[in-house]
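Colleague: I'm new to this one and would like a close look at a single part of it. Could you pick one helix and walk me through it?

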Amino acid sequence: MTQSAPGPRVPDEELLRQHVDGDPDAFGELVKRHQDRMWAVALRTLGDPHDAADALQDALINAFRRAGSFRSESAVTTWLHRIVVNACLDRVRHAAARPADPVAFDGTEIPGVAPATEPSSDPAERTALRVDLEQALATLPADQRLPLLLVDVEGFPVAEAAEMLGLPVGTVKSRCARARAKLVPLLAPGRLSATGNATGNHGGGGDVPSGTPQGTGGEHR
Amino acid sequence: MTATEAHPPTHVLAELAEGVLDDATAREVQAHVDGCATCQATLDELAQVTVALQALPAELPVPEFVAARISHALAAERASGSGAAPSRPGADSGNGTVAWFRRRLPQGLAAAASVAVLGLAGYIAVDGSGGSDAGTSSAEDAAAAGAPEQPLSSSLDGNDSTGSNRAGTAGSTATADDDTPSVQDEELTTPNHIPVAELTAAVEQIVQNPTATPAFCGEALADELGLPRVGTANVGAGVLVVLDNATAYDGWLLETCNSRSNETLEPHVSVPKAE
């Protein structure tokens with residue numbers, strides 16, 4: 001979690017209450033605290049800065065208006081992100097007619113990247129890895145990308161991500177699992193040479209027979 | 001070793017790791033994995049995917065253009081007064097319609113009724129009769145925020161007892177909705193002020209005959225809002241500045257030619273473009 005600790009500053013809940021009570025600056029402060037994270041979610045979900053800006057603006061206006069309906073059983077961050085997530089999903093649905101992902105990512109453009117467990121000391125190489133990751137993320141269907149973003153990239157606990165997404169915890173876990181499985185062939189070094197392309201969902205290596213009689217493990221709702 | 005068996009697909013291994021397989025399947029897959037180096041390696045790679053994702057920045061700096069857009073939109077929202085009013089559905093008895101209406105508000109605003117009357121930064125709508133769980137005196141806060149002396153009340157509140165209509169913003173959007181009768185009629189008049197109809201007519205006049213006197217008049221507002229200025233005219237005690245807002249002409253009645261959006265005499269009016 002990269003969110004800075006409240007420390008001595010006014011807690012989020014208090015800022016939200018001040019906003020509801022008419023303090024003209026409270027909401028702006030709240031936005032300032034969380035906007036970079038909300039932006040990261042919106043941008044990675046939608047892929048396009050203009051769409052992301054639209055979604056973030058919609059979300060914040062919505063939050064501004066609906067602040068009074070905030071219930072303190074969830075954290076303000078969770079509440080805010082839930083609104084951002086919904087604004088993004090709205091846009092994903094509306095954009096469904098359009099080509100959703102500008103990056104036509106078929107795996108052929110991936111160089112063998114260093115495993116993330118051994119981060120390269122070369123900044124350029126690290127940037128390359130990051131770009132590949134971002135591109136790989138963009139290939140995931142939105143219903144898998146968002147859960148994975150919230151859990152693995154943003155570091156929210158699964159239960160919080162589930163609340164943001166309005167999905168059962170089991171469904172979020174399942175979608176994250178499937179999303180990670182799709183990323184394995186895109187990111188693992190040597191995988192490409194073994195499989196030739198990244199479209200297969202079998203990740204066991206070049207000699208893997210596809211399909212198995214074992215349980216297919218459908219989504220658990 | 002069960003090497004001759006087919007390997008479970010990667011997503012099943014991922015689900016095993018995530019603990020979402022049903023018990024029977026999990027046992028079966030685990031039994032395979034225990035004897036299969038290939039699948040163990042795949043599980044390792046799955047874990048590395050998470051490690052790699054965790055290494056991505058969780059925060060990305062909001063670009064300048066986005067930050068500016070959003071703060072402008074929030075300022076307009078604040079000016080409209082709808083957001084500052086407590087909107088606690090169910091917090092007040094007899095507030096059901098209001099709560100419902102507030103939830104509808106975003107769509108109502110976006111739909112922009114034929115004459116959208118938006119309130120002003122100083123005219124923060126306040127639920128004076130709130131009795132909310134926060135229990136603080138929001139009317140005083142609003143006054144401190146630059147609102148006029150008279151007590152303000154959100155025009156969204158059905159039980160508005162102050163008769164003040166300065167915050168008359170949501171009322172205009174109410175015209176887009178049918179069953180909010182108590183707030184509908186209030187906003188079309190702005191007591192002791194220039195009627196909306198007169199302002200609207202003045203805006204149309206400026207649009208037809210765009211002049212700005214003096215030449216710099218209204219530029220401060222145009223700069224602030226990032227909208228092209230159409231023209232200005234003296235109306236009542238103030239200066240009416242008309243800006244081109246892409247789909248509509250916004251008329252702002254300002255105290256002076258140099259005023260910004262926080263020095264307005266009336267809620268600004270928006271006249272949709274004819275074409």
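Modeller: Let's start with a yardstick: the expected span of a helix is 1.5 Å times one less than its number of residues. Keep in mind that this is a predicted model. Now take helix α4 of chain A, residues 76-94: with 19 residues at 1.5 Å a residue it should span 27 Å, and its end C-alpha atoms are 27 Å apart, so the two agree.

As for the setting, chain A has nine helices and zero strands. Of its 221 residues, 48% count as buried.

Back to α4(A), whose buried residues include A:W79, A:L80, A:I83, A:V84 and A:C88. A:H81 and A:R91 are also among the buried ones. What do these buried residues of α4(A) pack against? They pack against α1 (12-20), α2 (26-46), α3 (49-66), α6 (142-153) and α7 (158-165) of chain A.

Let's zoom in on one of those partners. Two packed helices are described by the angle between their axes and the distance between the axes. For α4(A) and α7(A), the axes come within 8 Å and cross at roughly 45°. That angle makes α4(A) oblique to α7(A), and the crossing is right-handed. On the α4(A) side, the residues involved are A:T78, A:H81, A:R82 and A:V85, and they meet A:E160, A:E163, A:M164 and A:L165 of α7(A). By type, the residues of this contact divide into three nonpolar, two polar and three charged. Two of the α4(A) residues named there, A:H81 and A:V85, appear among the buried ones too.

Definitions and conventions. Residues numbered from 1 in each chain as written. Chains lettered and ligands numbered in written order. Predicted model: local features only at pLDDT ≥ 70, side-chain atom pairs only at ≥ 80, totals over all residues. Helix = DSSP H or I, 4+ residues; strand = E, 2+ residues; numbered from the N terminus. Buried ≥ 20, exposed ≤ 12 C-beta atoms within 10 Å, placed from the backbone. Contact = placed C-beta atoms within 7 Å. Axes fitted to C-alpha atoms, helices over the stretch in contact; angles between N-to-C directions. Parallel < 35°, antiparallel > 145°, perpendicular 65-115°, else oblique. Left-handed = near helix turned anticlockwise from the far one by under 90°. Nonpolar A, V, L, I, M, F, W, Y, C, P; charged D, E, K, R; others polar.
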